[in-house]
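User: I am new to this structure and would like a close look at a single part, with the surroundings built up around it step by step. Please start from one buried aromatic residue and work outwards.

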Amino acid sequence: MALSLFRTLYARLALGLFLLLVIVGGLFTVLSLYSVREYTAAVNQELNRDLARNLVADRNLVTGGQLDQEALKRLFDLYMTINPGIEIYLLGPEGRILSYSADPDKIKRNRVSLGPIRTLLAQPDAFPLPGDDPRSHDRRKVFSVTTVPFENESSGYLYVVLRGEEYDLAESMVHSNQLLQMGAGALVISLVVGLMAGLVFFHLLTRRLSRLTERVENFEISGEVLVPENRETLVSPGDDIDYLAARFEHMASRIAAQVDLLKEKDHQRRQMVAQVSHDLRTPLASIQGYLETLKMKQADLEPLERARFLDVALAETWRLGRLVEELFELAALEAREKQPSPEPFMMAELVHDVVQKHQPESERASVRLRITHADGIMALADIAMTERVLDNLISNAIAHAPSNSDVALAVRQDGDAVLLTVADAGTGIHPQDRTHLFEPFYQGAGAVNAGHAGLGLAIARRMVELQKGRIDVRNLEPTGAEFQVWLPAADTR
């Protein structure tokens, strides 16, 4: 339970904040004590800056221009009793310790460095300025100093250490208690105040992350995108969490849309497989039936009847081959295995060539193919794909045109595109069929069964779209339908 609790972001942030406050509280205590110590030393040296000079003047240590050794000894004895917090030393001109008021067994130095002494005498405001502590080889303490006359017109120094051994002992006892009190107080206050404020802030911060996590989990389970009530905050500029929430909503919406699209594609695939199976089964069954009949009754059939059976079987074979070919062609277009190679060409010339190819088919159906075009119109497209589109549209128009009617083809400029139209005089497109007309295997209720599986228009649309064009259909008045194809026009400048 404890391990699972600290796996949450809120618990980890709280633990990190607690450790940070402990470290900061400890550093604050140490720095505070150090600052207080330095501040106390500066104040002590400032207050006692003239102590050495006053001792010389008040105790009459100098008489007749000479240092009174007896008076100095009485001074040592007096201050060891009334003020054990300071230590008084008499230094020679070179800094050698000549006499002192401290315990002789604890003196570690024979000489005191004159550098700090001369600095303080020259600059009385240069504090805190520590000097050598005769009781230690490396410790330094604040001091007060003044010059005193010696024999042979030389000068020595009265060196007063303001923080003597007794002062250090008393300070260490007081500071040890203060350290515990101040450290504990600083830690408790910083922990309580900082931790409470941090927990409130982290709660506000992680609350939105928790909500976002719930939305992610819900999307993972149900696949539905939950839009929060305050959706305006997601589209307005915000912090990183707002940006993350907005990106998640956008990503989830796209995933949901793609899932729906995949479901639709899967449904279409199932329908296509079922339709392909049906369309393949029909000619196969016909071929199989006629061939079995020929095999069983070939001795009883007349030559004309036998020839008719073979013609039907051969026609069904051609129908089956064409269906398989169209299936492979559509699959290649959907997989983008076939890509157009655009080049400029005269659209009218291509239309004339395709019409000549379909002339026998139109004559058998008693349909006239009529062409209207403007000279000099050039398209920028793939010639083979455009010819394939024309083949499908013309065959479709011939199949739906009544006898002794016209199929009109026209080419004209339409802005930056070349517009190609193929119109027939048939019954037109039913409104409910128009949205599905270019789907594979779709055949309307009034479709003419000309041996096709409903792939021609789907192939035509895909080829036009690959060439960055557009295809559409509209009904004509009073009757008929017109297919319109827009392809990019070539730049003739």
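Analyst: Tyrosine 89 is buried, with a relative accessible area of 0%, in what is a predicted model. Tyrosine 159 is likewise buried, at a relative accessible area of 1%, and both values fall in the buried class because that class covers everything under 20%.

Three aromatic pairs are counted in this model. In one of them, the ring centres of tyrosine 89 and tyrosine 159 are 6.5 Å apart and the planes stand at 55°, so the pair is tilted; the tilted class is what remains between planes under 30 degrees apart, which count as stacked, and planes over 60, which count as edge-to-face. Because tyrosine 89 belongs to strand S3 (residues 87-91) and tyrosine 159 to strand S7 (residues 155-161), the pair ties together parts of the chain that are 70 residues apart in sequence. Phe143 joins the two tyrosines, so to speak, in that Tyr89, Phe143 and Tyr159 form one aromatic cluster.

The strands that carry the two tyrosines are also paired with each other: S3 and S7 run in the antiparallel sense and are joined over five bridges, with glutamate 87 standing opposite valine 161 in S7. Both strands belong to an open sheet of five strands, in the order S4-S3-S7-S6-S5 and with antiparallel pairing. At the edges of this sheet stand strand S4 (97-100) and strand S5 (130-132), each of which has a single partner strand, so one side of each is left without a neighbour in the sheet. From one strand to the next, the twist of this sheet averages 40°.

Two helices lie across this sheet. Helix H3 (residues 51-58) lies across S3, strand S6 (140-149) and S7, and runs at about 35° to S6. Helix H5 (residues 115-122) lies across S3, S5, S6 and S7, running at about 70° to S6.

For a view beyond this part, another of the aromatic pairs is formed by phenylalanine 438 and phenylalanine 483, which is edge-to-face, with 6.2 Å from centre to centre and 90° between the planes. This pair also links distant parts of the chain, since phenylalanine 438 lies in the loop between helix H12 (431-434) and helix H13 (456-466), phenylalanine 483 lies in strand S14 (residues 481-488), and the two are 45 residues apart. Phenylalanine 438 is buried at a relative accessible area of 8%, and phenylalanine 483 counts as buried at 3% relative accessibility.

Strand S14 has its place in an open sheet of five strands with mixed pairing, in the order S9-S11-S12-S14-S13. Here the edge strands are strand S9 (367-373) and strand S13 (470-475), each pairing on one side only, and the twist averages 15° from one strand to the next. Within this sheet, strand S11 (residues 405-414) and strand S12 (residues 417-424) run antiparallel and are joined by seven bridges, and glutamine 413 has valine 418 in S12 as its bridge partner. Elsewhere, the charged end of arginine 470 sits over the ring of tryptophan 486, 3.8 Å from the centre of that ring.

As for the chain as a whole, the secondary structure comes to 13 helices and 14 strands, and 36% of the 493 residues count as buried.

Definitions and conventions
Residues numbered from 1 in each chain as written. Predicted model: local features only at pLDDT ≥ 70, side-chain atom pairs only at ≥ 80, totals over all residues. Heavy atoms only, no water. Phe/Tyr/Trp six-rings, centres within 6.5 Å; stacked < 30°, edge-to-face > 60°. Helix = DSSP H or I, 4+ residues; strand = E, 2+ residues; numbered from the N terminus. Buried < 20%, exposed > 50% of the residue type's maximum accessible area, 1.4 Å probe, protein only. Lys NZ or Arg CZ within 6 Å of the ring centre and 35° of its normal. Pairing = 2+ DSSP bridges. Axes fitted to C-alpha atoms, helices over the stretch in contact; angles between N-to-C directions. Contact = heavy atoms within 4.5 Å.
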